[in-house]
Amino acid sequence: MASTHQKIWWSVFLTLLLSNCQHEVDWAPQVPCYFIFGDSLSDSGNNNLLVTKAKANFKPYGIDFPPGPTGRFTIGRTIVDFISELLGFHGFIPSFVTETGKDVLQGVNYASGAAGIRDETGQHLGDRITLTRQLINYQLTVAQIVTLLVGAAAAADELSKCVFTFGIGSNDYIKNYFLPNLYPTSKEFTPEQYATALIAQYSLQLKTLHEFGARKVALFGAIDLLQLDDYIPPFATASDQQLL
């Protein structure tokens, strides 16, 4: 049977598909812009120039994607690529490292492989753009939009109509809490305490987003950790854990 996570994704997919069919005649985007925050499930190339093991700009990644390897951690499109298409955008939302000029008016993808809610998450793999840094990059984008639309009021009105999605939090477990030889969090927090701490930090980060204009926000839940092929239990050796 499909997992709860899979059922949720299919529900989102079908809802957007049916909604898009109603707008197929003029093919105009249903929202003016789409901003993406997250980890490797949403990353479209932001890690390409970073010093990190968390990269996907080489084959076999992208073998079913017309442009080839782009930094997406998949052989084809990501879930946010599908969402952007179903929302009516004619092209994929540009990554933060590639967007230029007026590109920001249709949205930006800030997601980064190995990123987490906590700043230290994934650091054993090298650099990554944490959610804290993704929000800083978003604030830079807001400043650009204010300039392009000639005023904070116009920018705020535009951003209030945009869609924002967050797909992050899984790495705070598989690339942090479940690696006791590399991170102290499992010794400092019980599972319940750790979840509470993550929620508290995530809440503050979302409040920052709200202060900078976001109103239509969707949060994707953490993936089903027990179904991950690369999941290594806490009792794995340090050499095993380095593979993550």
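Me: Buried means under 20% relative accessible area, exposed over 50% and partly exposed in between (1.4 Å probe, protein chains only); why, then, does Tyr177 count as buried?

Reply: Tyr177 has 8% relative accessibility, which is under 20%, and therefore counts as buried. This is a predicted model, in which local features need pLDDT of at least 70 and side-chain atom pairs count only at pLDDT 80 or more, while totals for chains, interfaces and linings use all residues. Residues are numbered from 1 along each chain as its sequence is written, and side-chain values use heavy atoms, with hydrogens and water left out.

Me: What makes Tyr138 and Phe164 an edge-to-face pair?

Reply: Rings of Phe, Tyr and Trp (its six-membered ring) pair if their centres lie within 6.5 Å, with planes under 30 degrees apart counted as stacked, over 60 as edge-to-face and the rest as tilted. The structure holds 19 aromatic pairs, among them Tyr138 and Phe164, whose centres are 5.7 Å apart with 85° between the planes, so both conditions are met. The partners, 26 residues apart, lie in helix H3 (residues 131-148) and strand E2 (residues 163-167) respectively, where helices (H or I, at least four residues) and strands (E, at least two) are DSSP runs numbered from the N terminus. Tyr138, at 1%, is buried, as is Phe164 at 0%.

Me: How do you know that Tyr173 and Tyr177 are edge-to-face?

Reply: Their centres are 6.0 Å apart and their planes meet at 70°, so they pass the limits for an edge-to-face pair. They are separated by about one helical turn because they stand 4 residues apart in helix H5 (residues 171-177).
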